[in-house]
Amino acid sequence: GHDSAIEHSYVEAMSDLRVRAIFVTSVNDRIEDAGTCPIIYVHSAPPGATGNSILFDDFEGGVLATRHLISLGFREIACLAGDMDFGPFLQRRLGWQHAMDEAGLPSRGLHYHVASDRLEAAAQIRRIVELNRSLEAIFATSDEQALAALRAAAELGIKVPDEIAVVGFDGIR
């Protein structure tokens, strides 16, 4: 749930159990301290974190997803970024921005912060699409948001991919 206090309590609990290492999957910007227990960041690492990590290239993923939409002929491509503008969501949004700039396409007013919760995000996306009927495609910085976009399109009677294309990034629960 992107709650750094809960995340920290889990890391503390694991380190108290004297495990050999802790894998932390997080988008928080706080470096965890588990004493002598090594922490391995998976998915993203906070700025300044040292040690082992297994990370996506979120920026390049955003570039590739957006270039794919552009190669299909879409020009008005919205970016649904996370509700927090750091970590993977930020890097994916910056990748979208880079690809849009590279193609000479407008991006101003096409970047939206959307909730991580699928139902809340669907309501927000529904409003976005209603206000901007010229949208041709959506790059969602998470697959949860992509599913929310599909839901919003269905609720509005918009056919995917015939009337609007949707590309997601990452994975779902």
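**Exercise 1. How many bridges pair strand β4 with strand β6, and in which sense, parallel or antiparallel? Place the two strands in their sheet.**

Keep in mind that this is a predicted model.

Step 1. Find the two strands: β4 covers residues 77-81 and β6 covers residues 137-140. They pair in the parallel sense, over four bridges.

Step 2. Pick a bridge to look at. C79 has F139 of β6 as its bridge partner.

Step 3. Now add the neighbours. The open sheet has four strands in the order β5-β4-β6-β7, with parallel pairing. β5 (111-113) and β7 (165-167) each have a single partner strand, so they stand at the edges, and one side of each is left without a neighbour in the sheet. From one strand to the next, the twist averages 20 degrees.

Step 4. Look for a helix against this sheet. Helix α2, residues 58-71, lies across β4, β6 and β7. Its direction makes an angle of about 170 degrees with β6.

**Exercise 2. Which side chains of strand β1 are buried, and which are not? Then find the partner strand of β1.**

Step 1. Start with the general pattern: side chains in a regular strand alternate between the two faces of the sheet.

Step 2. Apply that to β1, residues 22-25. I22 and V24 point to one face and are buried. F23 and T25 point to the other face and are not buried.

Step 3. Look for the partner. β1 pairs with strand β2 (residues 39-43) in the parallel sense, over four bridges. Opposite I22 you'll find I39 of β2.

**Exercise 3. Is R92 buried or exposed? Work out what surrounds this residue.**

Step 1. Locate the residue: R92 sits in helix α3, which spans residues 87-102.

Step 2. Check the accessible area. Buried means under 20% relative accessible area. R92 has 0%, so it is buried.

Step 3. List the contacts, leaving out residues up to four places away in sequence. R92 touches H43, F56, D58, G62, F139, T141, S142, F169 and D170. One of these, F139, is the bridge partner of C79 from Exercise 1.

**Exercise 4. Which residues other than glycine have a positive phi? Compare where they sit.**

Step 1. Take R18. Its phi is about 60 degrees, although R18 is not a glycine. R18 lies in the loop between α1 (4-16) and β1. With a relative accessible area of 77%, R18 is exposed.

Step 2. Take H43, which also isn't a glycine and has a phi near 90 degrees. H43 belongs to strand β2. At 14% relative accessible area, H43 is buried.

Step 3. Put the two together: R18 is exposed, whereas H43 is buried.

**Exercise 5. Where is the cis peptide bond that joins V160 and P161?**

Step 1. Check the backbone angle: omega is about 5 degrees for the bond between V160 and P161.

Step 2. Place the proline. P161 is in the loop between α5 (143-156) and β7.

**Exercise 6. How many helices and strands does the protein have? Zoom out to the whole chain.**

Step 1. Count the elements: there are five helices and seven strands. From the N terminus they run α-β-β-β-α-β-α-β-α-β-α-β.

Step 2. Look at the contacts with a separation of 6 or more. Residues 24 or more positions apart account for 61% of them.

Step 3. Finish with burial and surface. Of the 173 residues, 45% count as buried. The accessible surface comes to about 9400 Å², and 52% of it belongs to carbon and sulfur atoms.

Notes: Residues are numbered from 1 along each chain as its sequence is written. This is a predicted model: local features need pLDDT of at least 70, side-chain atom pairs count only at pLDDT 80 or more; totals for chains, interfaces and linings use all residues. Side-chain values use heavy atoms; hydrogens and water are left out. Two strands pair if DSSP finds at least two bridges between them. Axes are lines fitted to C-alpha atoms, for helices over the stretch in contact, and angles run from 0 to 180 degrees between N-to-C directions. Contact means heavy atoms within 4.5 Å. Buried means under 20% relative accessible area, exposed over 50%, partly exposed in between (1.4 Å probe, protein chains only). Accessible areas come from the Shrake-Rupley method with a 1.4 Å probe; for residues, only the protein chains shown count as cover.
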